[in-house]
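Reader: I am new to this structure and would be grateful for a close look at a single part of it. Please take one patch on the surface and then set it in its surroundings.

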Amino acid sequence: LARALYDKIFLDMIRCMNLSSHSNEDFNGQLNDRCIGLLDIFGFEIFLENSFEQTCINYCNERLQHHFNYVIFTAEKALYESENINCDSIEFKDNIGVI
């Protein structure tokens, strides 16, 4: 019952968001659709047996996490150093072994 109720509420929320995002005028009077993009890169599902689809999702999540870590920690640190800006080093776990 709880799952059915959650499903109904979730689908109704999506329907309302979709209705409110269609055909909105921008500042120039042009009709444009608006959208909301969501990306959850921290979700890693663990099942007794992963399906092929779930394995692909997990792999993509790990690649995205690796890219995020590189851009936020490694590349930014290098940029700061190239501009002679002092900043603390941040320790983080590199997930390249999982990939």
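**The nonpolar patch and its surroundings**

Author: A nonpolar patch on the surface is formed by Leu-5, Tyr-6, Ile-9, Phe-10, Leu-11, Met-13, Ile-14 and Met-17, which together have about 770 Å² of accessible area. Such a patch takes residues with over 30% relative accessible area and no salt bridge, joining like charges within 9 Å and nonpolar side chains (Val, Leu, Ile, Met, Phe, Trp, Tyr) within 5 Å. Accessible areas come from the Shrake-Rupley method with a 1.4 Å probe, and for residues only the protein chains shown count as cover.

The model is predicted: local features need pLDDT of at least 70 and side-chain atom pairs count only at pLDDT 80 or more, while totals for chains, interfaces and linings use all residues. Residues are numbered from 1 along each chain as its sequence is written, and side-chain values use heavy atoms, with hydrogens and water left out.

One member of the patch, Ile-14, lies in helix α1 (residues 2-21). Helices (H or I, at least four residues) and strands (E, at least two) are DSSP runs, numbered from the N terminus. Ile-14 has a relative accessible area of 30% and is therefore partly exposed; buried means under 20%, exposed over 50%, and partly exposed in between (1.4 Å probe, protein chains only).

Helix α1 also holds a charged pair, Asp-12 and Arg-15, three residues apart and thus separated by about one helical turn. Their side chains meet in a salt bridge at 2.8 Å, N to O; the term requires a side-chain nitrogen of Lys or Arg within 4 Å of a carboxyl oxygen of Asp or Glu. Asp-12 is partly exposed at 30% relative accessibility, as is Arg-15 at 44%.

The whole structure has two salt bridges. Glu-81 forms one with Lys-77, where the closest N and O atoms are 3.6 Å apart. These two residues, in helix α2, are four residues apart, so about one helical turn separates them. Glu-81 is partly exposed, at 46% relative accessibility.

In the wider setting, the protein chain has two helices and two strands, arranged along the sequence as α-β-β-α. Buried residues make up 10% of its 99 residues. The chain exposes about 9100 Å², of which carbon and sulfur atoms supply 60%.

As for confidence, pLDDT is the predictor's confidence in each residue, from 0 to 100. Its mean over the protein chain is 79, with 75% of residues at 70 or more. Among the elements, helix α2 (residues 52-82) has the highest mean, 86, and strand β1 (residues 24-25) the lowest, 64.
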